[in-house]
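Biologist: I am new to this model and would like to learn how its labels are earned. Could you take me through them one at a time, setting each value against its rule?

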Amino acid sequence: GMELGADDYLTKPFTRADLLGAIAIRLEKQVAIDRQSEKKLDDLRSSITLSLPHELRTPLNGILGFSELLLEECEVLEPQEVREMAEGINKSGKRLLRLIQNFLLYAELELIATDPQRLKMLDNNATVFPTNGITTLITQRAKQANREADLKLDLHPCTVKIAETKLWKIVEELVDNAFKFSLDGTLVYVTSRVVNNAFTLSVIDQGRGMTAAQIAEVGAYKQFERKLYEQQGSGLGLIIAKRLAQLHGGELKIQSQPGESTTVQVILPGS
């Protein structure tokens, strides 16, 4: 009965008091589960309320501010000034686009997690790693952060059971985080290994790190120490990488020492 899904059982013979006691214990457990679920919902609502409006307003303010200046002063602005404002609009637009794309992707992943048929379809994909696109992505992210000299690559070829677009997204989010939360002049390592037919991608930075409590609380729209640090991001990137790994039969692990380093590992089935 327990194996088929029962929460508890009674052996015969049992008394009325035994039955009532078992029911009372089960009801207490359910109340505790409901409270825990409600707390998670409250935490998610709080995280969305704190992070999402700011992340939406910041790029919008950049787009509106620069475009209004161009409209009002286009006749007196120097070409270089126009170029700088256009670059600002472009940068803000890309940031807003990525936020929207991540929001939609996260919602899609949560839907896939509840659909057995779509989950099964994920098993049919495979990628020969590293692809030229993924290698280029990593080097471009280092260049955009002006940290080309800080990047160290050590990628071993193998076949991974995941579509290239999904693996591309995992790499993008982890590499971006590594550069975002570490200082110029500190190394960022991106390595891959295959052990016992399991593919492991590791991204290691020497940044501010995370506490054990923060690692345990990693989730969508979750940001840490926003009052101390200027952050760009909704907290979606890491949880998207984690969900992608889980949906493909893998996992994401984080090891970190505050103020020293952070290692994020994505482990996926090899092929």
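Modeller: Let us start with Arg 98, which has a relative accessible area of 23% and is partly exposed. This is a predicted model, in which local features need pLDDT of at least 70 and side-chain atom pairs count only at pLDDT 80 or more, while totals for chains, interfaces and linings use all residues. Residues are numbered from 1 along each chain as its sequence is written, and side-chain values use heavy atoms, with hydrogens and water left out.

Biologist: What makes Arg 98 partly exposed?

Modeller: The classes are buried for under 20% relative accessible area, exposed for over 50%, and partly exposed in between, with a 1.4 Å probe and protein chains only. The 23% of Arg 98 lies between those limits, so partly exposed is the right name. Of the 271 residues of the protein, 35% count as buried.

Biologist: How do you know that Glu 173 forms a salt bridge with Arg 98?

Modeller: A salt bridge asks for a side-chain nitrogen of Lys or Arg within 4 Å of a carboxyl oxygen of Asp or Glu. The closest N and O atoms of Glu 173 and Arg 98 are 3.0 Å apart, so the pair passes. This pair links distant parts of the chain, with Glu 173 in helix α5 (residues 164-180), Arg 98 in helix α2, and the two positions 75 residues apart. Unlike its partner, which is partly exposed, Glu 173 has a relative accessible area of 5% and is therefore buried.

Biologist: Why does the contact of Arg 147 with Asp 184 count as a salt bridge?

Modeller: Their closest N and O atoms are 3.8 Å apart, which is within the limit already given, so the contact counts. This pair also links distant parts of the chain: Arg 147 is in the loop between α4 (132-144) and β2 (151-154), and Asp 184 in the loop between α5 and β4 (188-195), 37 residues apart. Arg 147 is buried at 1% relative accessible area, whereas Asp 184 is exposed at 61%. Elsewhere, salt bridges that share partners join Arg 98, Arg 141, Lys 169, Glu 172, Glu 173 and Asp 176 into one network. By this rule the count comes to 13 salt bridges.

Biologist: Which helix holds both Glu 87 and Arg 83?

Modeller: Both lie in helix α2, four residues apart, which is about one turn of the helix. The closest N and O atoms of Glu 87 and Arg 83 are 3.3 Å apart, and the two form a salt bridge. Glu 87 is partly exposed at 44% relative accessible area, and Arg 83 is exposed at 51%. Helices (H or I, at least four residues) and strands (E, at least two) are DSSP runs, numbered from the N terminus; the protein comes to seven helices and seven strands.

Biologist: What makes the aromatic pair of Phe 129 and Phe 199 edge-to-face?

Modeller: The structure holds one aromatic pair. Rings of Phe, Tyr and Trp (its six-membered ring) pair if their centres lie within 6.5 Å, and planes under 30 degrees apart count as stacked, over 60 as edge-to-face and the rest as tilted. The ring centres of Phe 129 and Phe 199 are 5.0 Å apart and their planes stand at 65°, so the pair is edge-to-face. Phe 129 is in strand β1 (residues 127-129) and Phe 199 in strand β5 (residues 198-205), 70 residues apart, and the pair thus links distant parts of the chain. Phe 129 and Phe 199 are both buried.

Biologist: Which residues form the negative surface patch?

Modeller: The patch is formed by Glu 68, Glu 72, Glu 73, Glu 78, Glu 81 and Glu 84. Patch members have over 30% relative accessible area and no salt bridge, with like charges joined within 9 Å and nonpolar side chains (Val, Leu, Ile, Met, Phe, Trp, Tyr) within 5 Å. Glu 72, in helix α1, is exposed at 63%, so the area condition is met. The largest share of the negative patch, three residues, comes from α1.

Biologist: How do you know that Ile 23 is open enough for a patch?

Modeller: Ile 23 is partly exposed, and its 41% relative accessible area is over the 30% asked for, so the area condition is met here too. The nonpolar patch that includes Ile 23 also holds Leu 10, Phe 14, Leu 19, Leu 20 and Leu 27, with about 520 Å² of accessible area together.

Key
Accessible areas come from the Shrake-Rupley method with a 1.4 Å probe; for residues, only the protein chains shown count as cover. Lys and Arg count as positive and Asp and Glu as negative; His and the chain ends are not counted. The place of a charge is taken as NZ of Lys, CZ of Arg, CG of Asp or CD of Glu.
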